[in-house]
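This report concerns selected local features of the structure shown below. It takes up individual residues, helices and helix pairs in turn.

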Amino acid sequence: MNTSKKSIQIQKTYEALFALEDVREIFRQSLPSGFNEAEQEQFDGAIARVKGILTDLEAGSGKPACTRVGKLEARTREEEFINIHPIQAAGRLTPEARKALISYGDGYSTCDNCRKPFRLDKISKPPVEEFHQDLARFLNMDQARVVPGARRGFQAVAQSLLEEGDHVVVSSLAHYTEFLAVEVAGGVVREAALNDENVVTAEAVAEKIEASLKESGRLPRLIMIDHFDYQFANEHDVVGIGRVAREYDIPFLYNGAYTVGIKPVDGKQIGADFIVGSGHKSMASAAPSGVLATTDEWAPKIFRTTEMVGDLTGRKFGIKEVENMGCTLMGGTLLTMIASFPRVRERTENWDEEVRKSNYFLEQFLRVSGSRVLSEWPRKHTLTKVDTTNSFDVVARTHKRRGFFFSDELKARGIAGEFAGATRTWKLNTYGLTWEQIKYAADSILEIAEKYGLGIN
Ligand SMILES: *Cc1c(COP(=O)(O)O)cnc(C)c1O
């Protein structure tokens with residue numbers, strides 16, 4: 001298939017999907033008893049359009065019509081390119097999630113059958129309650145809630161636990177959202193140091209706990225550590241840190257933004273009091289989505305219910321959970337999580353293969369002389385920070401497009417997602433690519449190197 005044919009077919013696929021949405025709209029505007037004459041005419045016209053588009057789609061011919069929706073262009077990055085974007089790879093929707101999204105896109109679409117006691121995680125149709133139980137089991141924790149992003153999970157825990165000025169031990173590679181969650185709760189971060197390999201060890205966390213105790217006269221109120229950090233995706237000793245947390249009797253939040261949904265995570269084995277995951281980063285779900293899981297011990301505190309009483313009306317809202325503002329993901333976001341879940345659960349079993357693909361790709365990448373991997377080596381993750389200062393950046397220094405020459409070359413080969421213009425240090429993520437795509441992407445890198453006369457080992 002040549003690229004321009006593929007391109008027009010992608011375009012036609014969107015046209016067909018959009019034309020079907022126009023058909024759908026006629027149903028929404030008509031009476032339960034059926035179409036009137038004008039609607040029937042509209043319907044016939046719309047169906048004829050769909051058929052015409054399908055003919056073009058099959059042949060890969062025809063002029064592309066406008067697939068702009070107002071000011072929005074149809075996004076075709078995942079269809080047209082191999083996307084190695086560091087944060088997008090594992091949040092790409094499954095086909096099941098995309099179907100759920102068009103079906104449940106309406107506002108409060110989870111609420112059709114919401115019955116007493118009126119809380120999202122108690123809804124049985126669609127199976128939201130069951131999904132919550134599945135999530136807890138998936139992480140080997142006792143209870144789980146969906147949250148609008150991992151950050152909101154950190155926030156719920158921080159706001160439940162911290163009092164003004166309390167210390168929270170985080171990693172020196174902690175994500176900015178961990179800083180913000182501590183800040184909004186009135187706490188203060190204290191960063192555990194990295195060792196020479198850019199890894200946070202249990203000893204480093206213990207040392208920081210001692211330092212914090214000395215400084216403030218009290219133990220830190222919480223330890224919050226990323227299993228794999230967002231900068232290098234190095235693996236940090238979460239099991240050892242869990243042990244230290246228990247020794248000091250400090251609750252431990254395991255940040256699984258880069259693990260939950262791609263790699264098996266066992267909360268009990270880690271000894272975590274809280275597990276937080278990101279739906280849109282690692283669970284093939286629409287944003288904003290995520291999960292917060294905890295133990296039966298902590299659930300009453302984290303998932304505490306409202307006690308507020310209206311002073312005039314005496315109204316109370318019983319079982320609404322304060323930190324979750326009652327209900328969290330009431331529509332398409334949650335349904336994408338639910339729709340993707342069977343596949344997500346299954347794919348975590350293939351993690352070793354994903355890591356093998358990542359290492360294969362980088363071995364090829366390292367054949368370009370001067371290129372380096374800044375993350376720990378060999379890779380234990382599919383996200384990697386690389387340094388091409390002494391390879392592709394050498395070309396960029398004299399190229400009229402500067403660093404953009406590299407993105408131009410990748411784009412011409414159907415590869416997207418590297419930070420455009422960056423040829424020194426940048427990140428890539430191979431998660432979910434097939435072996436065929438991995439080999440194609442690796443060959444493309446070598447081909448570009450060769451074209452610009454860089455040495456290949
Ligand atoms: C992406 C990321 C987050 C934020 O996740 P959201 O779901 O977008 O809130 C937090 N921590 C780490 C380590 C991350 O990589």
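Cys327 touches Arg119, Leu120 and Lys320, where a contact means heavy atoms within 4.5 Å and residues up to four places away in sequence are not counted. Cys327 lies in the loop between α12 (299-302) and α13; helices (H or I, at least four residues) and strands (E, at least two) are DSSP runs, numbered from the N terminus. With a relative accessibility of 23%, Cys327 counts as partly exposed, a class that lies between buried (under 20% relative accessible area) and exposed (over 50%), with a 1.4 Å probe and protein chains only. Between the C-alpha atoms of Cys327 and Gly256 there are 22 Å in space, and the two are 71 residues apart in sequence.

The model is predicted: local features need pLDDT of at least 70 and side-chain atom pairs count only at pLDDT 80 or more, whereas totals for chains, interfaces and linings use all residues. Residues are numbered from 1 along each chain as its sequence is written, and side-chain values use heavy atoms, with hydrogens and water left out.

**Helices α13 and α8**

Helix α13 comprises 16 residues (332-347), which at 1.5 Å a residue should span 22 Å, and the 22 Å between its end C-alpha atoms agrees with this. The expected span is 1.5 Å times one less than the number of residues. A kink of about 50° is located at Phe341, shortly before the proline Pro342; the bend at a residue is the angle between axes fitted to the seven residues ending there and the seven starting there. Phe341 is itself buried, and other buried residues of α13 include Gly332, Leu334, Met337, Ile338, Val344 and Arg347. The cover over the buried residues of α13 includes the helices α4 (95-103), α5 (128-138), α11 (279-282) and α14 (351-365), together with the strands β2 (143-147) and β8 (290-294).

Helix α8 has 15 residues (202-216) and an expected span of 21 Å at 1.5 Å a residue; its end C-alpha atoms are 21 Å apart, in agreement. Its buried residues are Ala202, Ala204, Val205, Ala206, Ile209 and Ser212. They are covered by elements including β3 (167-171), β4 (188-192), β5 (222-226) and α9 (238-248). Just after α8, Gly217 adopts a positive phi of about 85°.

**Packed helix pairs**

Two packed helices are described by the angle between their axes and the distance between the axes. Here axes are lines fitted to C-alpha atoms, for helices over the stretch in contact, and angles run from 0 to 180 degrees between N-to-C directions.

The axes of α6 (residues 150-161) and α7 (residues 176-184) come within 8 Å and cross at roughly 30°. The two helices are therefore roughly parallel to each other, the term for angles under 35 degrees. Their contact is made by Arg151, Phe154, Gln155, Ala158 and Gln159 of α6 and by Tyr176, Thr177, Glu178, Ala181 and Val184 of α7.

Helices α14 and α17 (residues 435-451) pack at about 15°, with axes 9 Å apart. This angle makes α14 roughly parallel to α17. Residues in the contact include Tyr360, Phe361 and Phe365 of α14 and Trp435, Ile438 and Ala442 of α17. Glu363 is also found in α14 and is partly exposed, with a relative accessible area of 42%. Its C-alpha atom is separated by 8.9 Å from that of Ala442, 79 residues apart along the chain.

**Backbone geometry in loops**

Most residues other than glycine have a negative phi, and most peptide bonds are trans. Which residues other than glycine have a positive phi? Asp249 and Met325 are such residues, as the table sets out.

| Residue | Phi | Loop | Relative accessible area |
|---|---|---|---|
| Asp249 | about 60° | between α9 and β6 (252-255) | 68%, exposed |
| Met325 | near 50° | between α12 and α13 | 73%, exposed |

Cis peptide bonds are found before two prolines. The bond from Lys116 to Pro117 is cis, with omega near 10°, and Pro117 is in the loop between α4 and α5. Trp377 and Pro378 are likewise joined by a cis peptide bond, with omega about 0°; Pro378 is placed in the loop between β9 (372-373) and β10 (383-387).

Methods: Parallel < 35°, antiparallel > 145°, perpendicular 65-115°, else oblique.
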